[in-house]
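Q: Could we go through this model together, one feature at a time, with the general idea stated before the particular case?

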Amino acid sequence: MDLLEVAVIVAAIVLAVLLLVVGIAHLITPGKVEPLVPEWWPAKRLTVYASGVAEVVIGVGLLVPSTRPWAAGVAVLMFLVYTLVHLDDLRHTSGATRRSDTTGGVVTRGVVNLAYAGLALFVCLGG
């Protein structure tokens with residue numbers, strides 16, 4: 001096993017742990033995640049639960065070598081969608097009551113999700 005293969009495995013494990021923790025948090029504390037769903041989106045609570053299940057499934061898929069590329073590809077798409085959702089919040093930063101809802105916070109959330117997407121792409125392509 002060369003260094004690149006090790007890097008892919010480590011990146012997959014990091015993403016898996018992140019997605020498993022976040023996914024479980026979606027399922028256990030949906031009320032804390034629900035404010036991240038855009039105001040115009042229907043069925044917010046159902047969306048939080050569905051995304052939590054998806055994150056857990058993707059996280060498990062990243063840990064299984066035979067499903068890792070597929071799971072990483074789905075993770076790329078999910079993180080890109082999350083980026084768009086976070087950037088939608090730019091329309092509502094003037095009345096922000098939480099630091100993460102200010103313009104800087106929203107942009108930071110978008111950039112972080114793009115970084116996650118890049119890491120998932122690295123895993124998907126096998127380095």
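Q: In which helix is I13 found, and is I13 buried or exposed, or somewhere in between?
A: Helices are DSSP runs of H or I with at least four residues, strands are runs of E with at least two, and both are numbered from the N terminus. I13 is found in helix α1. Buried means under 20% relative accessible area, exposed means over 50%, and partly exposed lies in between (1.4 Å probe, protein chains only). I13 has a relative accessible area of 39%, and is therefore partly exposed. Since this is a predicted model, local features need pLDDT of at least 70 and side-chain atom pairs count only at pLDDT 80 or more, whereas totals for chains, interfaces and linings use all residues. Residues are numbered from 1 along each chain as its sequence is written, and side-chain values use heavy atoms, with hydrogens and water left out.

Q: Which residues make the nonpolar surface patch, and which elements give two or more residues to it?
A: Patches are made of residues with over 30% relative accessible area and no salt bridge; like charges are joined within 9 Å, and nonpolar side chains (Val, Leu, Ile, Met, Phe, Trp, Tyr) within 5 Å. Accessible areas come from the Shrake-Rupley method with a 1.4 Å probe, and for residues only the protein chains shown count as cover. Here I13, V17, V21, V60, L63 and V64 make a nonpolar patch of about 470 Å². The elements that give two or more residues to this patch are α1 and α3, and α1 supplies the largest share, 3 residues.

Q: How should I read the length of helix α5, and which of its residues are buried?
A: The expected span of a helix is 1.5 Å times one less than its number of residues. For the 22 residues of α5 (residues 103–124) this gives 32 Å, and the end C-alpha atoms are 31 Å apart, which agrees. The buried residues of α5 are G105, V106, R109, G110, N113, A117, A120 and V123. Seen down the axis of α5, these buried residues fall within an arc of 140 degrees, so they line one face of the helix; the arc is that of the directions from the helix axis to the C-beta atoms. An α-helix has 3.6 residues a turn, so residues three or four places apart point the same way.

Q: Against which helices do the buried residues of α5 pack?
A: With contact taken as heavy atoms within 4.5 Å, they pack against α1 (3–28), α3 (44–63) and α4 (68–88). Just after α5, G126 takes a positive phi of about 70 degrees.

Q: How many salt bridges does a search of the whole structure find, and which residues do they join into one network?
A: Side chains of opposite charge can pair when their charged atoms come close. A salt bridge is a side-chain nitrogen of Lys or Arg within 4 Å of a carboxyl oxygen of Asp or Glu, and the search finds 5 of them. R98 meets D101 at 2.9 Å, N to O, and R109 meets D101 at 3.3 Å, N to O. Salt bridges that share partners join D89, R98, D101 and R109 into one network. Within it, D101 counts as buried at 18% relative accessibility, and R109 counts as buried at 12%.
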